[in-house]
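Me: I'm new to reading structures and would like a close look at one part. Please walk me through it slowly.
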Amino acid sequence: MPNRASLFVTCIVDQLFPNVGISMASVLERIGWAVDFNPAQTCCGQPAFNSGYRQEARSVAVHFLDVFRDAEYIVVPSGSCTSMITHHFAELFASEPSRLEEVHSLEKRVWEFSRFLLEVAKVEDVGASFGGIATYHDSCHALRELKIKSGPRLLLSKVKGLELREMDIAEECCGFGGTFSVKFAEVSGGMARTKIQSIQKTGASVVVSIDSSCLMQLQGALHRAKLPVRTMHLAELLASR
Amino acid sequence: MAATHPEKIATTLADANLQLAIYAGTGRLIDHRKNAIAGDLLPDYQDLRTYANELKKHTIDNLDYYLEQVEANVAAHGGKVVFCNDGVEVADFILSLAKVRGAKLIVKSKSMTTEELDLNERLEHHHLEAVETDLGEYIIQLAGVKPYHIVAPALHMTRYDVADIFTEKLGIEREVVPEKQTMIARAVLRQKFLAADIGITGANFVVADSGAVVVVENEGNARLTSSAPKIHIAVAGIEKLIPRAQDLSVFLKLLGRSATGQPLTSYTSFLSGPRREGEVDGPEEFYLILIDNGRTKLLADPERRQSLYCIRCGACLNHCPVYRKIGGHSYPWVYSGPIGAIITPQFHGVAKDPWLPFASSLCGACAEVCPVKIDIPKLLLDLRADVTADKKAHGSSKLERFAFQTFAWVMRHPRVYALGGRLAAMFGPKGGEWLSTAPWFMNVAPVRGWLSQRDLPPPAAKSFRQLWKER
Amino acid sequence: MSREAILTRIRSALGRQAGQPPPPLPAIYLRPSRPNLAPFFACIERLNGKTLKAGSPAEAREYVAGLVKGKRAVASNSSVLRDCGITTLDEVTCAGTDKATLRALCAESDIGISSADYGLADTGTLVMLSSHQEPRMISLLPPVHIAIVPESRIIGNLDELLTILPTPADLSSSMVLITGPSRTGDIEQILVRGVHGPGELHVVVI
């Protein structure tokens with residue numbers, strides 16, 4: 001019996017970047033894990049939480065708790081959504097002791113994808129190969145809330161044929177920020193343009209991240225600037241052979 | 001909401017020279033800090049932060065005790081502590097003191113607290129000249145604007161801007177060399193120092209066990225301000241207290257490095273009361289004005305209280321990608337950047353500038369560099385919840401609330417959610433190309449906002465859940 | 001009146017009673033380092049200060065004589081300066097103890113000469129406590145500051161200083177830490193020295 005990983009693909013991946021979820025599943029299967037997907041899952045509630053709608057976010061979180069009650073390993077292709085669950089769910093149930101206990105149990109079972117590979121599956125080389133130059137974008141919540149910095153780079157370093165080049169401002173925000181990207185569109189767009197200048201300077205043909213939301217922002221800006229750089233989620237790159 | 005944030009954001013973004021000045025100026029401060037906290041130079045940097053946070057917590061949690069302690073110790077050294085509720089009371093105190101002492105001219109060294117109180121304007125209103133003596137503050141005072149940055153008040157100005165201001169206000173020939181501009185200011189201000197009756201400084205720290213204020217600077221103007229005139233008045237917020245002189249080392253190590261990358265600034269003055277018996281010079285009178293001006297409103301909630309730990313180093317501004325785009329004058333109050341975004345709504349109420357806590361991508365760079373570990377992103381999130389609660393109470397933003405209620409309902413109903421995704425794919429644009437304009441049925445404000453800056457990914461032909469089912 | 005109102009607001013927000021003592025403070029965090037002349041000089045020089053290790057009081061006097069030649073200098077009342085013979089140089093006037101006279105003297109002088117109570121090796125910092133020997137203005141008003149420091153007064157760092165002087169306010173109304181010359185970066189962050197205080201700093205260790 002292989003170990004079993006339960007996917008939480010996130011709403012953004014489900015609706016806009018399904019290939020990221022498929023890639024994540026295939027990488028996990030390749031390293032010998034069984035993968036399941038509970039179609040009752042939807043979203044972590046972060047859009048409501050970050051907009052100040054705590055009650056609405058709480059109700060989505062309750063749904064999440066119900067869907068993943070029995071999952072042992074929940075693997076997520078996003079640092080931001082992982083952090084919402086492991087760092088902010090507890091705030092939503094601060095005055096509900098029994099729910100809070102459920103949340104604390106959940107926190108231990110939720111894994112961002114790259115961290116899951118390294119710390120649970122204990123695999124550094126997933127057998128991927130990809131010819132080209134890539135640069136890695138540190139997504140903010142992964143970097144600063146989950147402290148994920150070297151893991152994705154380690155995984156990328158094992159990809160055959162891939163050269164990894166660092167940006168001068170790899171840790172600077174891409175400017176997405178959820179509703180910030182449309183409420184303060186010009187500011188958000190400016191931040192993206194600053195970031196893509198740094199990407200361009202590396203000479204990389206691919207920007208890699210562990211968050212599809214950042215990549216949507218960056219790809220949108222790259223596309224608008226007609227730059228020949230594409231974005232790939234880490235899972236997509238690791239699925240390449 | 002988009003309609004209410006200041007036009008200044010748009011004009012700042014549109015000004016290429018200003019964008020360069022902000023980005024380069026903050027960029028240099030980022031580099032200086034990074035070099036100064038490097039592991040080999042300051043191996044216990046993280047321990048210092050942790051300690052500073054604990055000590056500030058202790059002090060704020062017991063603030064009344066330390067205020068009374070500092071009051072007694074200032075008095076023991078022959079000075080006097082004056083508590084003021086707000087700027088009106090501060091101005092009244094200074095005006096009446098000036099009247100009794102026949103004072104006409106005041107020199108000031110850089111103080112965000114007095115900026116917060118609009119002190120210069122209040123004094124000038126009563127015909128008392130108050131001259132800023134920090135070079136950056138002097139320039140912006142001549143220009144008639146508020147500080148652009150907590151530490152670097154004229155960050156946004158070029159030497160050419162300074163040349164224009166000096167020519168216009170001082171009636172001198174145009175001078176564009178910063179060294180020479182500095183010497184012009186030195187000559188003008190030296191005369192002011194020697195003629196001034198009162199010197200007003202801020203205080204980076206107020207030391208309870210010593211009855212002392214600590215003033216950190218590079219130019220020497222704070223030393224002159226506190227030592228040359230007969231009367232020295234220090235103005236500080238009640239939160240600036242630290243319990244012991246021995247606690248200073250931790251804070252000085254953090255402050256200089258976080259602000260400008262200096263292990264110690266050129267001058268750190270530890271001042272306790274007027275000139276003592278036997279000392280040759282120094283002021284004859286010393287007053288420490290401690291102000292509330294809204295601070296006590298932040299004390300009730302133990303989480304929010306941490307906003308008062310701030311030592312005004314400005315690191316969060318330099319590292320904030322939003323500040324680096326919109327600059328200091330887009331913020332509604334003298335405190336800009338992330339720290340401004342959390343204290344302004346708490347001092348003034350969230351209803352005044354409801355957009356402010358939302359002007360952040362929540363990237364967390366501010367909390368990462370904060371020397372006293374204020375959890376700024378968390379406070380921004382809490383304030384966002386306050387804003388929506390306030391709007392609900394006032395019956396505004398109904399559409400937005402309806403949208404999030406709908407969002408939450410859909411997310412609790414996976415079948416509806418899945419159906420919605422399928423419909424979007426069915427009616428959405430085909431061909432898998434990224435969109436640069438919105439089709440008519442997607443022509444709503446958020447999509448327009450997105451497309452104003454970037455292209456939009458098309459809905460996937462099949463969602464993950466469909467692909468998974470077919471797998 | 002505002003005093004009571006503010007303290008009352010604070011106590012009610014914090015849930016404290018008047019006079020209620022606080023819980024114990026966190027233990028003092030000080031990490032004193034060892035004195036060392038090399039980094040002391042290196043730090044000062046990095047900040048564009050000049051340094052000299054004088055083998056004898058006469059050497060210090062000679063160095064100062066070279067600097068004050070043809071200029072007006074004011075010296076503090078410190079015995080360190082007297083012992084070096086600096087106060088007998090023709091160009092040097094002694095500070096004396098009259099505040100107004102001293103201030104006029106400092107405002108007109110090209111050079112101010114003082115001692116220092118301590119030197120902090122790790123940061124190249126001079127520690128100056130205001131006293132009858134050392135007025136505040138000598139190291140402040142003239143465009144050049146020369147400090148003569150006995151080697152025995154060089155200590156490790158700020159932490160050591162605060163270990164030796166846990167409450168500086170007991171000794172003086174003013175303790176100033178001087179780390180390099182006066183400087184500003186307020187115009188385009190271009191470094192300019194000597195904006196209000198001395199732009200030139202010489203430190204002589206004897």
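How many residues of chain C are in contact with chain B, and how many of chain B with chain C?

Reply: Happy to help! This is a predicted model, in which local features need pLDDT of at least 70, side-chain atom pairs count only at pLDDT 80 or more, and totals for chains, interfaces and linings use all residues. Residues are numbered from 1 along each chain as its sequence is written, while chains are lettered from A and ligands numbered from 1 in the order in which they are written.

Now to your question: 63 residues of chain C are in contact with 76 residues of chain B (two residues are in contact if their C-beta atoms, placed from the backbone, lie within 7 Å). On the chain C side, the elements giving two or more residues are α1 (2-14), α5 (99-108), α6 (158-164), β9 (174-178) and β10 (183-184). Here helices (H or I, at least four residues) and strands (E, at least two) are DSSP runs, numbered from the N terminus. The largest share, 10 residues, comes from α1(C). By type, this side of chain C divides into 33 nonpolar, 18 polar and 12 charged residues; Ala, Val, Leu, Ile, Met, Phe, Trp, Tyr, Cys and Pro count as nonpolar, Asp, Glu, Lys and Arg as charged, and the others, Gly among them, as polar.

Now look at β9(C) again. It runs antiparallel to strand β9 (residues 267-271) of chain B, and five bridges join the two; strands pair if DSSP finds at least two bridges between them. Within this pairing, B:T268 stands opposite C:L177.
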